[in-house]
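Trainee: I am new to this structure. Could you take me through it?
Mentor: Certainly; please have it open before you.

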Amino acid sequence: EPQDLVVPEMVFGDARYALLLRDVGSALNLNEASEDMLRQFFAQGLEVDFAEADQLAQAILDWRDEDDLPRINGGEREEYLEEESLVLPPNRDCVEIDERRHVRGMTPELFVLAAPHLTLIGDGEINLNAAPEPGLRAVPGMDEGAATEILGLRDSGYLPRSDRELWRLLPSVGPIMEALGREFTNRTTYTTDQVEI
């Protein structure tokens with residue numbers, strides 16, 4: 001892990017500071033994630049009720065899209081004004097994770113639970129060798145069994161470097177990969193290519 005490459009705490013004069021690094025692929029990129037990935041992240045990764053997870057996914061997409069047309073379970077400016085919200089959707093990508101506190105359906109408790117697993121940088125690929133279970137569960141087609149097997153591989157010291165190697169090590173993941181094809185491949189990686197400081 002990138003964090004293992006730096007001293008966890010440093011002293012400079014009277015000041016103490018920590019340098020924290022993480023693989024960008026270990027978190028879900030809110031600006032790049034599809035509706036299905038967002039729904040899976042909340043419903044399966046964080047175990048939120050499916051209807052609530054669906055509302056959150058649609059509200060996040062409405063928050064970041066450029067139009068003022070609300071999705072069925074989402075919300076644009078008009079819906080936020082009706083609810084007397086103090087913050088309206090900006091219709092652009094998020095610039096701070098904290099903005100998501102104001103998305104329709106986001107409770108303070110859920111935000112605290114989700115925030116450590118979110119990012120706004122990178123290309124949106126999830127690193128199968130670094131993401132914790134909530135991030136893995138956002139991968140298209142990923143179910144609990146496959147995520148558990150991938151985490152088990154990692155705990156055993158096996159880190160696959162390609163789809164082919166993952167399929168060989170975990171034959172049960174093969175049908176997911178085969179069914180989704182490019183959708184799986186385009187949303188996953190096996191290496192740390194981008195680091196968040």
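Trainee: Where is Asp-193 found?
Mentor: In this predicted model, Asp-193 lies in the loop between strand S7 (188-189) and strand S8 (195-196).

Trainee: Is Asp-193 buried or exposed?
Mentor: Asp-193 is exposed, because its relative accessible area is 57% and the cut-off for exposed is over 50%.

Trainee: Which residues gather with Asp-193 in a patch of negative charge?
Mentor: Glu-32, Glu-66, Asp-67, Asp-68, Asp-93 and Asp-123 gather with Asp-193 in that patch on the surface.

Trainee: And Thr-188, buried or exposed?
Mentor: Thr-188, which belongs to strand S7, is buried, with a relative accessible area of 6%.

Trainee: What is Thr-188 in contact with, leaving aside neighbours within four places in sequence?
Mentor: Its contacts are then Glu-125, Ile-126, Leu-128, Val-139 and Asp-163. In addition, the C-alpha atoms of Thr-188 and Gly-124 are separated by 8.3 Å, with the two residues 64 apart along the chain.

Trainee: A change of topic: how many salt bridges are there in the whole structure?
Mentor: A search finds ten. One of them joins the side chains of Asp-65 and Arg-71, at 2.7 Å from N to O. Asp-65 is buried at 14% relative accessible area, whereas Arg-71 is partly exposed at 29%.

Trainee: What about Glu-133 and Arg-137?
Mentor: Their side chains also meet in a salt bridge, at 3.6 Å from N to O. Glu-133 is partly exposed, with 29% relative accessible area, and Arg-137 is buried, with 9%.

Trainee: Which residues do salt bridges with shared partners join into one network?
Mentor: That network consists of Glu-35, Asp-36, Arg-39 and Asp-54.

Notes
Residues are numbered from 1 along each chain as its sequence is written. This is a predicted model: local features need pLDDT of at least 70, side-chain atom pairs count only at pLDDT 80 or more; totals for chains, interfaces and linings use all residues. Side-chain values use heavy atoms; hydrogens and water are left out. Patches are made of residues with over 30% relative accessible area and no salt bridge: like charges are joined within 9 Å, nonpolar side chains (Val, Leu, Ile, Met, Phe, Trp, Tyr) within 5 Å. Accessible areas come from the Shrake-Rupley method with a 1.4 Å probe; for residues, only the protein chains shown count as cover. A salt bridge is a side-chain nitrogen of Lys or Arg within 4 Å of a carboxyl oxygen of Asp or Glu. Lys and Arg count as positive and Asp and Glu as negative; His and the chain ends are not counted. The place of a charge is taken as NZ of Lys, CZ of Arg, CG of Asp or CD of Glu. Helices (H or I, at least four residues) and strands (E, at least two) are DSSP runs, numbered from the N terminus. Buried means under 20% relative accessible area, exposed over 50%, partly exposed in between (1.4 Å probe, protein chains only). Contact means heavy atoms within 4.5 Å.
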